Amino acid sequence: MSTDPDISLSSYDEDQGSKLIRKVKEAPFVPIGMAGFAAIVAYGLYKLKSRGNTKMSVHLIHMRVAAQGFVVGAMTIGMGYSMYREYWAKPKP
């Protein structure tokens, strides 16, 4: 194993909070997708008591599809935003 003196150890110096903040700034739609997923699951569990005569499995499948749809939508919007920032909004030299 060779050691390269040019390798910076700055990534090892940051704590968990600053690393999380840096990652959120790089990809802001990932935590939005995670929060939406958690909110939909929480709402689905809250509505579990008042589902009427709907079967439990059907209710859970609908909840899963809604949560996955929100996450995929957030990822798609995030990719579109990232592409816009990379290719169209990039300042011309």
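Trainee: What makes up residues 27-45, helix or strand?

Mentor: The span is 89% helix and 0% strand, with its end C-alpha atoms 29 Å apart, where a helix is a DSSP run of H or I of at least four residues and a strand a run of E of at least two, both numbered from the N terminus. This is a predicted model, in which local features need pLDDT of at least 70 and side-chain atom pairs count only at pLDDT 80 or more, while totals for chains, interfaces and linings use all residues. Residues are numbered from 1 along each chain as its sequence is written, and side-chain values use heavy atoms, with hydrogens and water left out.

Trainee: Which residues does the annotation "transmembrane region" cover?

Mentor: An unreviewed UniProt entry gives that annotation for residues 27-45 and 65-84; UniProt positions are given in the numbering used here, feature names are shortened, and annotations may be inferred rather than shown by experiment. In the model, residues 65-84 are 100% helix and 0% strand, and their end C-alpha atoms lie 28 Å apart.

Trainee: How do you know that the length of H4 agrees with that of a helix?

Mentor: The expected span is 1.5 Å times one less than the number of residues. For the 33 residues of H4 this gives 48 Å, and the end C-alpha atoms are 47 Å apart, which agrees. Helix H3, residues 29-46, has 18 residues and reaches 25 Å from its first C-alpha to its last, close to the expected 26 Å.

Trainee: Why is His 59 called buried?

Mentor: Buried means under 20% relative accessible area, exposed over 50%, and partly exposed in between, with a 1.4 Å probe and protein chains only. His 59 has a relative accessible area of 14%, so the residue counts as buried. By contrast, Glu 14, in the loop between helix H1 (10-13) and helix H2 (16-26), is called partly exposed because its relative accessibility is 25%.

Trainee: What is His 59 in contact with, leaving aside its neighbours within four places in sequence?

Mentor: Contact means heavy atoms within 4.5 Å, and beyond those neighbours His 59, which lies in helix H4, is in contact with Gly 44, Lys 47, Leu 48, Arg 51 and Thr 54. The side chain of His 59 also reaches the backbone oxygen of Gly 44 at 3.0 Å.

Trainee: Which residues of H3 are buried, and how do you know that they line one face of the helix?

Mentor: They are Gly 33, Gly 36 and Gly 44. Seen down the axis of H3, the buried residues fall within an arc of 65°, so they line one face; the arc is that of the directions from the helix axis to the C-beta atoms. The face turned away from this buried side carries the exposed residues Met 34 and Tyr 46.

Trainee: What covers the buried residues of H3, and what covers those of H4?

Mentor: The cover of the buried residues of H3 includes helix H4 (56-88), and that of the buried residues of H4 includes H3. In H4 the buried residues are His 59, Met 63, Ala 67, Ala 74 and Gly 78. Gly 36, buried at 10% relative accessibility, is 38 residues from Ala 74 in sequence, yet the two C-alpha atoms are 8.7 Å apart.

Notes:
Polar contact = N/O pair within 3.5 Å; in protein donor to acceptor, adjacent residues only side chain to side chain.
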